[in-house]
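The following exercises invite the student to read a protein model step by step. Each task is followed by a worked solution.

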Amino acid sequence: MPKQTIPKQELLTRELVLAAIEKSGGSAQKGDIARALGIGPEQKKELREILRALEEEGALGRTGRKRYADTHALPASGVMDIIDRDADGELIARMRGPDGLFGPQIRLAPGEARGAKGEAAIGVGDRVLARIARTDDGMEARVVKRLGQSAHRILGVFRISKDERGRKFGGGRVEPADRKARFDIVIEAHNVGEAKHGDLVLVEIDARQAERAPNSNFGGPKHGLIKEIVGNESDPRAASILAMHTHGIMPGFTPEEEAQAKAAKPAPLKGRVDLRQVPLITIDPEDARDHDDAVFAQPDGDAKNPGGWRVWVAIADVSHYVTPGSALDRGAFRRGNSTYFPDRVAPMLPETLSADLCSLREGEERACLAVEMVFGADGKKRRHQFVRGLMRSAAKLSYEAAQAAIDGEPNEKTGPLLETILKPLWAAYACAWKGREQRQPLDIDAPEHKIMFKDGRVAGVKRRERFDAHKLIEEFMIQANVCAAETLELKGRPQIFRIHDRPSDEKVAALTDFLPTVEMAWAKGQSVTAARFNRILHLAEKSANKDIINEVVLRTQSQAVYSPDNIGHFGLNLARYSHFTSPIRRYADVTIHRALIRALGLGDDGATAKDEARHAETAKHVSETERKSMAAERDATSRFIAAFLADRIGATFPGRVTGVTRFGLFIRLDETQADGLAPIRSLGEERWHHDEAAHALVGEQSGVRFPLGMRVEVRLEEATPISGGLLFSVLTDAEPPAPGWRKSKHGRVIGRDFSKHRGKRRR
């Protein structure tokens with residue numbers, strides 16, 4: 001009887017590979033996968049490529065030399081290494097297999113970091129036995145037992161030990177870059193290697209020392225081995241280097257990516273609409289190196305649309321160069337987005353593309369995907385159409401230069417463009433703004449600040465000015481993004497939406513409790529809309545608490561994410577919205593470009609069936625990389641500012657309370673927008689109660705209080721550039737008790753008492 005053969009797979013996809021691994025119990029060797037799918041010799045190379053891509057992206061991990069495991073099909077329990085903390089300070093862990101770490105990053109459940117009785121708290125660098133629990137918010141780990149130290153590397157600064165006379169002697173210590181770390185790591189002389197004082201190093205906990213000193217887990221000093229030198233704290237870029245290593249944002253590209261980028265050629269006109277005579281211009285920050293988008297506007301000549309405008313938005317055609325499944329595609333997916341630090345960029349794409357072939361440079365022919373939008377006189381978009389074109393930017397302008405020209409101060413470059421390009425753009429923007437005002441998107445004033453450098457060092461921090469030029473580009477990009485989402489929905493094509501859910505009931509309740517503390521109110525029972533928030537923000541314009549009200553409203557909002565399932569965008573008050581306008585720096589936008597190319601028949605390099613089948617995975621991944629980049633950018637900024645303030649210890653600064661916790665006050669300085677902590681011990685000897693509803697620390701004996709938003713003067717007590725941490729002491733008197741407060745023996749509110757008692761001035 002002839003041997004039965006399994007039918008050969010005509011189309012081998014990543015989904016089939018993952019399904020085969022899942023059927024094998026969550027892990028399988030390559031041969032097992034091939035047999036399960038009926039793959040012949042001619043498809044084994046394709047299988048290898050898919051397995052490699054899945055492993056690079058983190059969808060698969062190795063649990064043995066030849067065994068692959070689906071990272072989403074984790075065991076119910078296992079050994080985990082504590083590798084990091086998230087932006088909220090929660091510990092992050094990963095599973096450990098025979099060949100190293102695998103699987104997704106998983107947070108420890110609340111309270112799990114507390115050690116058993118008599119033990120120190122669990123921290124980065126520890127190894128635990130844990131159970132994996134699935135919750136509505138994803139997965140979390142619950143510690144069963146502490147197992148000792150992991151092989152995870154901790155980033156910090158090496159300090160050589162000195163005696164009382166300042167003389168160096170063998171060994172030293174490493175100060176962890178994690179500001180929540182409580183102890184330095186001791187480095188014995190024979191473990192120092194080539195490290196010098198001030199070097200940024202990666203250190204592993206010395207497991208042998210832990211065995212020799214079993215009580216080291218009970219609060220004693222940890223000993224470590226220096227494994228790698230990544231820089232020096234004197235390097236002007238040290239803050240960015242630390243942030244990149246801390247958050248796993250690695251610079252550079254693989255040789256395959258570099259080779260593919262260098263081999264790229266300018267796109268030909270064939271198959272494209274010739275837009276080279278359309279005077280599109282780019283308007284960007286003065287120091288921008290890449291230019292995703294260009295704009296042009298003119299009155300609509302259609303007699304049926306009097307007072308209407310035609311607006312072109314052209315976006316760099318990144319998908320022409322970053323093709324599905326290529327090395328560039330795999331690398332761009334893995335990074336998810338570019339990360340922007342105060343002094344440098346970790347780009348998603350090699351510079352050959354991001355700053356050259358995919359950048360809409362002045363006077364040079366560039367491939368683009370463009371949309372022409374037609375607006376009525378009422379500001380509402382009437383129709384639009386997409387084309388794949390070839391353009392030539394007529395000018396590269398900064399926001400400042402474009403705005404100055406409109407304000408009556410043109411320069412040599414903007415003068416000739418004023419009547420023909422700039423004024424029509426502003427008139428079209430004024431028209432589109434009417435539609436925006438009817439739509440009522442959320443209008444939070446969240447000021448941005450820029451760190452100024454001189455000779456590689458921080459010279460100061462200044463508030464970024466926001467012009468109508470910024471709003472013009474922002475509004476036209478929003479409209480172009482809407483066009484992309486509408487087109488794909490109309491064509492029935494799957495896509496990755498940018499969604500923003502309404503605020504949770506809990507956050508709205510917290511806002512409702514807060515507003516009376518600043519003499520405002522949120523009427524209960526009414527629907528939650530962006531327009532309602534805008535009314536609060538409008539009233540706040542006349543309030544001394546404007547900044548803190550804006551911040552609290554911002555904190556009330558949900559986080560925008562990517563998803564293949566559309567729920568609309570609450571903040572923009574839009575029913576459908578997808579990111580299309582920044583493909584140089586966001587992978588989500590690349591997927592929309594490919595989807596449009598396929599939906600509109602604009603080429604043979606559009607979205608593939610594989611691309612569309614993995615939309616849920618892609619959306620989840622790029623949402624995570626976006627959060628990681630935001631955390632890294634915040635950390636780098638904090639470290640740069642801490643370095644700037646390090647020589648001003650003892651100086652006093654005006655600021656505002658931006659956070660209230662049971663352990664102290666978070667203060668933001670007016671001058672630099674630096675954030676730091678005033679520990680509760682710095683507020684005086686009185687016992688302080690954290691009133692969550694009032695967002696205040698309240699003296700249990702006196703009733704005086706430090707509320708959210710309070711103006712304070714603080715003294716800088718400590719600045720730690722390695723971690724970005726700042727410690728303050730508050731010099732301002734606490735505010736009088738709230739109306740209705742009177743002391744009970746427990747310091748609770750039990751009735752009215754208009755005591756005028758004020759706390760002592762604290763120096």
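**Exercise 1: An enclosed space**

In this predicted model, the count comes to one cavity of 30 Å³ or more. Determine how much space lies in the largest cavity and which residues line the largest cavity.

*Solution.*
Step 1. Rolling a probe the size of a water molecule over the atoms shows where empty space is left. Here, about 50 Å³ of space lies in the largest cavity.
Step 2. The lining of the largest cavity consists of F333, I496, Y587, T591, R594, D611, R614, H615 and T618.
Step 3. Sorted by character, the lining residues comprise three nonpolar, three polar and three charged.
Step 4. Two helices, α15 (587-600) and α17 (615-645), each supply at least two residues of this lining. The most is given by α15, with three residues.

**Exercise 2: A strand and its partners**

State how many residues of strand β17 (residues 309-316) are buried, and identify the bridge partners of I315 in the strands that pair with β17.

*Solution.*
Step 1. A residue counts as buried when its relative accessible area is under 20%. Eight of the eight residues of β17 are buried, so this strand is largely enclosed by the rest of the structure.
Step 2. Strand β16 (residues 293-299) pairs with β17 in the antiparallel sense, over seven bridges. Within this pairing, D293 has I315 of β17 as its bridge partner.
Step 3. Strand β20 (residues 365-375) also pairs with β17 in the antiparallel sense, over eight bridges. Here I315 has L369 of β20 as its bridge partner.

**Exercise 3: A sheet of three strands**

Give the order of the strands in the open sheet that contains β30, β31 and β32, and name the strands at its edges.

*Solution.*
Step 1. The three strands follow the order β30-β31-β32, with antiparallel pairing.
Step 2. The edges are formed by β30 (688-691) and β32 (705-707); each has a single partner strand, so one side of each is left without a neighbour in the sheet.
Step 3. Direction ignored, neighbouring strands of this sheet are turned by 20° against each other on average.
Step 4. Four bridges join β30 to strand β31 (residues 696-699). In this pairing, the bridge partner of W688 is G699 in β31.

**Exercise 4: Cysteines**

How many disulfides does the count give, and are C431 and C483 buried or exposed?

*Solution.*
Step 1. A disulfide is a covalent bond between the sulfur atoms of two cysteines. The cut-off applied is that the two sulfur atoms lie within 2.5 Å. The count comes to zero disulfides.
Step 2. C431 counts as buried because its relative accessibility is 5%. C483 is likewise buried, with a relative accessible area of 0%.

**Exercise 5: Two positive phi values**

Locate Q440 and E519 in the chain, and decide whether each is buried, partly exposed or exposed.

*Solution.*
Step 1. Most residues other than glycine have a negative phi. Q440, although not a glycine, has a positive phi of about 60°. E519 is also a residue other than glycine, and its phi is positive, near 60°.
Step 2. Q440 is placed in the loop between α10 (418-439) and β23 (449-454). E519 lies in the loop between α12 (505-514) and α13 (530-540).
Step 3. A relative accessible area over 50% counts as exposed. With 77%, E519 is therefore exposed. With 31%, Q440 is partly exposed.

Notes. Residues numbered from 1 in each chain as written. Predicted model: local features only at pLDDT ≥ 70, side-chain atom pairs only at ≥ 80, totals over all residues. Heavy atoms only, no water. 1 Å grid on protein atoms, 1.4 Å probe; cavity = no way out; pocket = protein on both sides within 12 Å on 5 of 7 lines; lining within 4 Å. Points joined across faces, edges and corners; volume = space filled by probe spheres on them. Nonpolar A, V, L, I, M, F, W, Y, C, P; charged D, E, K, R; others polar. Buried < 20%, exposed > 50% of the residue type's maximum accessible area, 1.4 Å probe, protein only. Pairing = 2+ DSSP bridges. Axes fitted to C-alpha atoms, helices over the stretch in contact; angles between N-to-C directions.
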